[in-house]
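The exercises below concern how two protein chains meet. Work through each task with the coordinates open before reading its solution.

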There are 2 protein chains.
Amino acid sequence: MGVIHRQSASAGGLRWDGVALEGYEAARATSKQVLIGPREGADRFAVRYFEIAPGGASALDEHAHDHGVVVLTGRGRVRLGDAWHEIRAGDAVYVAPDEVHQFENTDAAPLGFLCVVAAKRPA
Amino acid sequence: MGVIHRQSASAGGLRWDGVALEGYEAARATSKQVLIGPREGADRFAVRYFEIAPGGASALDEHAHDHGVVVLTGRGRVRLGDAWHEIRAGDAVYVAPDEVHQFENTDAAPLGFLCVVAAKRPA
């Protein structure tokens, strides 16, 4: 059966009704919300929302699974391999398998993005 | 290698640099843009953006694969099974396998949403 999580009013960053706010290991000033995943019944993919506070960054990461990212709010930059690229709300980013990557908030407001992964993924 | 599609300025709905605007079969006044898919190198999932003009609707659909939807712009309603639910920008919707579903624009502006699917999916 389908599930709807409505975006709720929030003074800070983005929140959704019925979705828990989680800290995110190994990252500075970053939170995670799983919008669509096993709890909703999805066993093929997951849609997560990450938010990075001003001055924060995601962990420098490299792994065999890929990411589909769409920025929902804010501005920042993403490292793909050795190069940094500016990103802002609306931009779509594909992070390829085994690609070194990191997201950084370079602005005074939260940087928030959806990050899609396959449910069954190599580490 | 990673890919970035920047959201581009557009007088009407949302567009991205380097992403083709496609019509969408079997739907009224609806367009499709594949933001992340085979062309970007993604072979585990795809992130598509659908946009429905005022007065339009997606096809009434039912199939074995599931959808992860996040509304980016506008207002409308979604049918899940026999019930209709109002949705608007920011809301997340999980459409379960084999669930009858349809999206309809009930507003005067475009209704646009991301729709995630697994790359290898049952029909």
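**Exercise 1: charged pairs**

Task: In this predicted model, find the partner with which B:D66 forms a salt bridge, and give the separation of the closest N and O atoms.

Solution: Begin at B:D66 and look across to chain A, where A:R44 is the salt-bridge partner, with the closest N and O atoms 3.2 Å apart. That separation falls within the 4 Å allowed between a side-chain nitrogen of Lys or Arg and a carboxyl oxygen of Asp or Glu, so the pair qualifies. Next, take the whole boundary between chain B and chain A, for which the count is 2 salt bridges. Widening the search to polar contacts gives 16 residue pairs, both residues being at pLDDT 80 or more.

**Exercise 2: the side of chain B that touches chain A**

Task: Determine which strand of chain B supplies the largest share of the side that touches chain A, and describe that side by residue class.

Solution: Several strands supply at least two residues each, including strand 1 (3-5), strand 6 (45-57) and strand 7 (67-73) of chain B. Of the strands, strand 7 of chain B gives the largest share, 5 residues. Sorting this side of chain B by class then yields 27 nonpolar, 9 polar and 8 charged residues.

**Exercise 3: area and strand pairing**

Task: State how much area chain B and chain A bury between them, and how strand 1 of chain A pairs with strand 10 of chain B.

Solution: The two chains bury about 3,200 Å² between them, 62% of it on carbon and sulfur atoms. On the chain B side, B:R44, B:F45 and B:Y94 supply 22% of the area buried against chain A, more than any other three residues. Finally, strand 1 (residues 3-5) of chain A pairs with strand 10 of chain B in the antiparallel sense over 3 bridges, and A:H5 has B:A92 as its bridge partner in that strand of chain B.

Notes:
Residues numbered from 1 in each chain as written. Chains lettered and ligands numbered in written order. Predicted model: local features only at pLDDT ≥ 70, side-chain atom pairs only at ≥ 80, totals over all residues. Heavy atoms only, no water. Buried area = accessible area lost by both parts, 1.4 Å probe. Polar contact = N/O pair within 3.5 Å; in protein donor to acceptor, adjacent residues only side chain to side chain. Helix = DSSP H or I, 4+ residues; strand = E, 2+ residues; numbered from the N terminus. Nonpolar A, V, L, I, M, F, W, Y, C, P; charged D, E, K, R; others polar. Pairing = 2+ DSSP bridges.
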